[in-house]
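Me: I am new to reading protein models. Can you take me through one, feature by feature?

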Amino acid sequence: MQRGDPFASRGAEERDDGRGAEKRFEVKKRYAVEAGSMGYIWRSGCPRHKSLEGRFVPWNNPPLVDGVPVHAGERADCTCRTEIVH
Ligand SMILES: [Zn+2]
């Protein structure tokens with residue numbers, strides 16, 4: 001398999017730089033906002049975010065976890081899910 005495919009250099013989403021989860025989240029958020037969604041219900045999947053289970057989260061105002069704003073499933077090590085609210 002050859003690297004350096006000229007068609008593989010279109011954009012950042014083509015490369016795996018360890019931020020895949022964040023990018024997938026951005027895409028999901030964009031589609032949801034375009035569809036008129038105000039936010040989502042946090043469905044906890046990992047122990048670290050257990051306290052956020054069932055909480056409504058506006059797309060533009062994520063909760064702080066350890067002082068850092070974070071969305072459900074945004075990080076690679078987070079298995080939480082979003083239940084999109086319209
Ligand atoms: Zn989580």
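**Reading the fold step by step**

Reply: Start at the N terminus and name the elements in turn: α-β-β-β-β-β. That is one helix and five strands. Keep in mind that this is a predicted model.

Me: How many residues does the chain have, and what percentage of them is buried?

Reply: The chain has 86 residues, and 14% of them are buried.

Me: Since it is predicted, how do I judge confidence? What is the mean pLDDT of the chain?

Reply: General idea first. Where pLDDT is low, the predicted coordinates should not be read in detail. Now this case. The mean pLDDT is 87, and 81% of the residues reach 70 or more. Take care with residues 8-14, where pLDDT stays under 50. For that stretch the model has two contacts beyond four places in sequence.

Me: Now the helix. Which residues form α1, and what span should they have?

Reply: In an α-helix there are 3.6 residues a turn, so residues three or four places apart point the same way. Here α1 covers residues 20-34, which is 15 residues. At 1.5 Å a residue, the expected span is 21 Å. The end C-alpha atoms are 21 Å apart, so the two values agree.

Me: Which residue with a positive phi follows α1?

Reply: Look at Gly36. Its phi is near 95°.

Me: Next, the sheet. What is the order of its strands?

Reply: The general idea: strands of a sheet pair through backbone hydrogen bonds, either parallel or antiparallel. In this model, three strands form an open sheet in the order β2-β1-β5, and the pairing is antiparallel. The edges are β2 (56-58) and β5 (81-85), each pairing on one side only. From one strand to the next, the twist averages 40°.

Me: How many bridges link β1 to β2? And how many link β1 to β5?

Reply: Strand β1 spans residues 39-43 and pairs with β2 over three bridges. Between β1 and β5 there are five bridges. Both pairings are antiparallel.

Me: Can you show me single residues in those pairings?

Reply: Take Tyr40, which stands opposite Val57 in β2. Then take Ile41, whose bridge partner in β5 is Glu83. Ile41 and Glu83 are 42 residues apart along the chain, yet their C-alpha atoms are separated by 4.9 Å.

Me: Is Glu83 buried, exposed or partly exposed, and why?

Reply: Count C-beta neighbours inside 10 Å. Glu83 has 13, so it counts as partly exposed. The cut-off for exposed is 12 or fewer. Setting aside residues up to four places away in sequence, Glu83 touches Tyr40, Ile41 and Arg43.

Me: And what does Tyr40 contact?

Reply: Leave aside its neighbours within four places in sequence. Tyr40 is then in contact with Val57, Thr82, Glu83, Ile84 and Val85.

Me: Which residues make up the largest nonpolar core?

Reply: There are five: Tyr40, Trp42, Val57, Ala72 and Cys80. You have met Tyr40 and Val57 already, as residues standing opposite each other.

Me: What share of the contacts joins residues 24 or more positions apart?

Reply: Consider contacts with a separation of 6 or more. Residues 24 or more positions apart account for 55% of them.

Me: Let us turn to loops. Where are Asn60 and Asn61?

Reply: Asn60 is in the loop between β2 and β3. Asn61 is in that loop too. Asn60 has 9 other C-beta atoms within 10 Å, so it is exposed. Asn61 has 8 C-beta neighbours inside 10 Å, so it counts as exposed as well.

Me: What distances can I check from those two residues?

Reply: Go C-alpha to C-alpha. Asn60 and Val33 are 9.8 Å apart in space and 27 residues apart in sequence. Asn61 and Gly39 are separated by 8.9 Å, with their positions 22 residues apart along the chain.

Me: One last residue. What is the phi of Asp66?

Reply: Phi of Asp66 is near 55°, a positive value in a residue other than glycine. Asp66 sits in the loop between β3 (64-65) and β4 (68-69). It has 6 C-beta neighbours inside 10 Å, so Asp66 counts as exposed.

How values were computed
Residues numbered from 1 in each chain as written. Predicted model: local features only at pLDDT ≥ 70, side-chain atom pairs only at ≥ 80, totals over all residues. Core = buried A, V, L, I, M, F, W, Y, C linked by C-beta atoms within 7 Å. Buried ≥ 20, exposed ≤ 12 C-beta atoms within 10 Å, placed from the backbone. Contact = placed C-beta atoms within 7 Å. Pairing = 2+ DSSP bridges. Helix = DSSP H or I, 4+ residues; strand = E, 2+ residues; numbered from the N terminus. Axes fitted to C-alpha atoms, helices over the stretch in contact; angles between N-to-C directions. Expected span 1.5 Å × (residues − 1). pLDDT = per-residue confidence, 0-100.
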